[in-house]
Amino acid sequence: TATVTIADNDTAPPPPPPPPPPTVTVTASDAAAAEAGAEPGEFTVTRTGGTTTSLTVNYALSGTAGNGTDYQQLGTSVTIPAGAASARISVRPIDDTAVEGNETVILTLSANPAYTVGSPNTATVTIADNDTAPPPSVTVSASDATAAEAASDPGEFTISRTGSSTTPLTVRFTLGGTAGNGTDYQSLSLTATIPAGAISVRVRVIPINDSAVEPPETVVLTLQSDPGYVIGGVASAVVTIIDNDVGLPGLP
């Protein structure tokens with residue numbers, strides 16, 4: 001017996017290249033969440049390409065809302081199951097009593113060798129707060145309780161507020177006492193506005209130096225109620241105006 005070997009001159013084709021990794025993106029499929037009723041918001045993470053196997057996608061969370069404090073704790077990844085092209089991430093608000101205003105949850109996709117991060121790679125859900133701040137409390141004091149006709153030396157009331165000072169606050173009041181508004185002291189309106197950024201405002205009582213002989217006269221400022229605030233423990237204060245005129249000898 002004998003053998004003859006035939007040498008082949010053909011080569012096998014190269015194996016096909018592996019498929020490209022999937023591309024993942026994220027959207028806010030429900031961008032509005034709310035503390036009221038613990039209404040959830042939602043992100044949707046989507047992939048391109050084949051769906052025969054599951055795919056775990058990593059992400060980071062940021063924004064003004066706290067993970068686990070303003071919404072139920074979320075991890076740092078979501079798995080798109082086999083046979084699916086996307087996965088949802090629910091943002092479930094925690095209904096607390098803090099006055100916070102609207103807060104944001106920002107999800108940003110993180111890189112991984114198993115996929116390519118496409119665009120959009122970030123999305124935002126906003127949580128609407130359902131708490132309101134209590135109205136400010138206002139009080140009044142006589143920060144300078146003595147005025148005098150001599151040199152028109154003024155007296156002064158100070159109206160103060162508690163709570164937020166980010167917006168102006170107009171406070172209403174009445175004026176009483178034995179002194180006349182516009183006759184014994186320069187005319188005052190019946191409101192004072194505490195400006196934004198301030199916690200108090202001054203109301204000056206400037207005497208009118210007339211020639212009438214008068215005993216000491218009082219100016220009584222009393223705060224009036226309003227839907228924009230509550231009246232604190234001190235609602236009224238007194239400034240006394242000292243006269244500088246004397247009667248003729250022998251006359252009362």
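These legends describe a predicted model in a series of views.

The model is predicted, and local features need pLDDT of at least 70, side-chain atom pairs count only at pLDDT 80 or more, and totals for chains, interfaces and linings use all residues. Residues are numbered from 1 along each chain as its sequence is written, and side-chain values use heavy atoms, with hydrogens and water left out.

**View 1. The whole protein chain, with 18 strands and zero helices.** Helices (H or I, at least four residues) and strands (E, at least two) are DSSP runs, numbered from the N terminus. The radius of gyration, taken over C-alpha atoms, is 38 Å, well over the 18 Å that the globule rule gives for 252 residues, so the protein chain is more spread out than a compact globule. The globule rule is 2.2 Å times the number of residues to the power 0.38. The C-alpha trace spans about 165 × 35 × 20 Å along its principal axes.

**View 2. Surface, burial and charges of the protein chain.** About 14,000 Å² of the protein chain is exposed, and carbon and sulfur atoms supply 57% of this area. Accessible areas come from the Shrake-Rupley method with a 1.4 Å probe; for residues, only the protein chains shown count as cover. Of the 252 residues, 30% are buried. Buried means under 20% relative accessible area, exposed over 50%, and partly exposed in between (1.4 Å probe, protein chains only). The chain has 7 positive and 24 negative charges, and the mean positions of the two sets are 8 Å apart. Lys and Arg count as positive and Asp and Glu as negative, while His and the chain ends are not counted. Each charge is placed at NZ of Lys, CZ of Arg, CG of Asp or CD of Glu.

**View 3. An open sheet of four strands in the order β15-β12-β10-β17.** The pairing in this sheet is mixed. β15 (200–205) and β17 (230–231) stand at the edges with a single partner strand each, so one side of each is left without a neighbour in the sheet. Two strands pair if DSSP finds at least two bridges between them. β12 and β15 run antiparallel and are joined by six bridges. Glu-156 stands opposite Arg-204 in β15.

**View 4. Strand β18 (residues 236–242) and its alternating side chains.** Ala-237, Val-239 and Ile-241 point to one face and are buried. Ser-236, Val-238, Thr-240 and Ile-242 point to the other face and are not buried. Strand β11 (residues 146–148) runs parallel to β18, with three bridges between them. Strand β16 (residues 217–223) runs antiparallel to β18, with six bridges. Ile-241 in β18 is the bridge partner of Ala-147 and also of Glu-217.

**View 5. Thr-27 in strand β1 (residues 23–30).** Thr-27 is partly exposed, with a relative accessible area of 37%. Not counting residues up to four places away in sequence, Thr-27 touches Glu-42, Phe-43, Thr-44, Pro-120 and Ala-123. Contact means heavy atoms within 4.5 Å. Thr-27 and Thr-44 are 17 residues apart along the chain, and their C-alpha atoms are separated by 5.4 Å.

**View 6. Thr-162 in the loop between β12 (155–161) and β13 (169–176).** Thr-162 is partly exposed, with a relative accessible area of 46%. Thr-162 touches Pro-136 and Ser-137, not counting residues up to four places away in sequence. The C-alpha atoms of Thr-162 and Asp-144 are separated by 21 Å, with the two residues 18 apart along the chain.
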